Every structure is written in C-alpha cells, then in structure tokens.
Amino acid sequence: MRGIRGAITVTEDTKEAIWQAAAEMVQAAIERNGVQPEDIGAAIFSQTEDLTSAFPSAGVRRLVPGFDLVPLFDARQLAIEGSLAHCIRVLLLVDTDKPQRDIHHIYLGGARSLRPDIC
C-alpha cells in the first residue's frame, strides 16, 4: 500500500468550487499514478477552516466515476498561523506494487507553493 498526496486551492467558498476542485485533484492523482478507484482502500480529505460550504468527499463521490464504493472521510485542517488559505488536501491509500519513488503527488493551483520541490 502507498499513500498519494494531493492539494488544491479554491478562489471562493462555494459548494461548486469545493466539489470541482476536489474532483479535479483526485482525478489528476489517479490518472498520473495509473490507479483505478477499486485500488483505493480509503481517501482522507481535509480543508482549511475558511471553507465551510461543502464536504470535498461529496463532490468526489458525485463527480469522479468509480468512487461510489471507496470509503471517504473529511476532516478540518489545523488552523496554523500563516498557513495556506482555501486549501483542500487528500491522502489516497492505494493498493499498489509501485515503489515510493514512483508515486506522483499532485499539487494544483496555489497549493503548488506547499511542495515546489515536486511540482
């Protein structure tokens, strides 16, 4: 099993923006890593405290094909002074034989600043 990390930012706190961003992030992660939804043991989402309009997992469940049976969980990120605002993150727990060095983590939008070393 391997973990695939992802993060993305949104420009507004709306259900549509959160759902679209979460779906884009997850879709990019599974495509870039050659993963199928049935390979995912669970997905853990978090979002910053300034995002209150929707659960990211609800958007993924509705917008990304194959996620109807994947266990999804939402949480709130710690409110750390100076941290990136309007940010949604995911940790996909994936059943794969790939070594860690072959896993591609996804950082989109303003979240690229979190890991410029791999973006």
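Which residue's side chain meets that of Arg115 in a salt bridge? The partner is Asp117, with an N to O distance of 2.7 Å. Keep in mind that this is a predicted model. With that said, let's start from the salt bridges and work through the sheet, the helices and the core.

## Salt bridges

The structure holds 2 salt bridges. Besides the Asp117 and Arg115 pair, there is one in which the side chains of Glu49 and Arg76 meet at 4.0 Å, N to O. This one links distant parts of the chain: Glu49 sits in the loop between S2 and H2, Arg76 belongs to strand S3, and 27 residues separate them.

How open are the four residues? Here they are side by side, with their relative accessibility.

| Residue | Relative accessibility | Class |
|---|---|---|
| Glu49 | 42% | partly exposed |
| Arg76 | 53% | exposed |
| Asp117 | 55% | exposed |
| Arg115 | 32% | partly exposed |

Arg76 counts as exposed because its 53% lies over the 50% cut-off. Glu49, at 42%, is partly exposed.

## The sheet

Now for the strands. Five of them form an open sheet in the order S3-S2-S4-S1-S5, and the pairing is mixed. S3 and S5 are the edge strands, each pairing on one side only.

Take the neighbours pair by pair. S2 and S4 run antiparallel to each other, with 7 bridges, and you can find Ala43 standing opposite Leu92 of S4. S1 and S4 are antiparallel as well, paired over 8 bridges; there, Gly3 stands opposite Leu93 in S4. With S5 (residues 106-107), S1 pairs in the parallel sense over 2 bridges, and Gly6 has Ile106 of S5 as its bridge partner.

## Helices against the sheet

H1 packs on the sheet and touches S1, S2, S4 and S5. The direction of H1 makes about 35° with that of S4.

What about H2? Its buried residues are Pro56, Ser57, Ala58, Gly59 and Val60. These pack against H1, S2, strand S3 (72-76) and S4.

## The nonpolar core

Which members of the largest nonpolar core touch the most other members? Out of 32 residues, they are Ile30, Ile40, Phe45, Phe67, Ile88 and Leu92. Strand S1 (2-9), helix H1 (15-33), S2, H2 and strand S4 (87-94) are the elements that give two or more residues to this core. H1 provides the largest share, 10 residues.

Ile88 is a handy one to click on. Leaving out neighbours within four places in sequence, its contacts include Gly6, Ala7, Ile8 and Val10. Ile88 is also in contact with Ile18, Ala21 and Met25. Further along the chain order, Ser46, Gln47, Leu51, Pro56 and Gln77 are on the contact list of Ile88 too. Leu92, the residue opposite Ala43, is another of the core members that touch the most others.

## Two serines to compare

Is Ser46 buried or exposed? This residue of strand S2 is buried, because its relative accessible area is 16%, under the 20% cut-off. The side chain of Ser46 makes a polar contact of 3.3 Å with the side chain of Gln77. Beyond four places in sequence, Ser46 is in contact with Ala75, Arg76, Gln77, Cys87, Ile88 and Arg89. Two of those names have come up before: Arg76 is the salt-bridge partner of Glu49, and Ile88 is a core member.

Ser53 sits in the loop between strand S2 (40-47) and helix H2 (56-63). At 36% relative accessibility, Ser53 counts as partly exposed. Which backbone oxygen does the side chain of Ser53 reach? It is that of Asp13, at 2.8 Å. Not counting residues up to four places away in sequence, Ser53 touches Asp13, Thr14, Lys15 and Ile18. Ile18 also appears among the contacts of Ile88.

One last distance to try on screen: Ser53 and Ile40 are 13 residues apart in sequence, while their C-alpha atoms lie 26 Å apart in space.

Notes. Residues are numbered from 1 along each chain as its sequence is written. This is a predicted model: local features need pLDDT of at least 70, side-chain atom pairs count only at pLDDT 80 or more; totals for chains, interfaces and linings use all residues. Side-chain values use heavy atoms; hydrogens and water are left out. Helices (H or I, at least four residues) and strands (E, at least two) are DSSP runs, numbered from the N terminus. Buried means under 20% relative accessible area, exposed over 50%, partly exposed in between (1.4 Å probe, protein chains only). Contact means heavy atoms within 4.5 Å. A polar contact is a pair of N or O atoms within 3.5 Å; within protein, one must be able to donate a hydrogen and the other to accept it, and residues adjacent in sequence count only if both atoms are side-chain atoms. A nonpolar core is a set of buried Ala, Val, Leu, Ile, Met, Phe, Trp, Tyr and Cys residues joined through side-chain atoms within 4.5 Å. Two strands pair if DSSP finds at least two bridges between them. Axes are lines fitted to C-alpha atoms, for helices over the stretch in contact, and angles run from 0 to 180 degrees between N-to-C directions.
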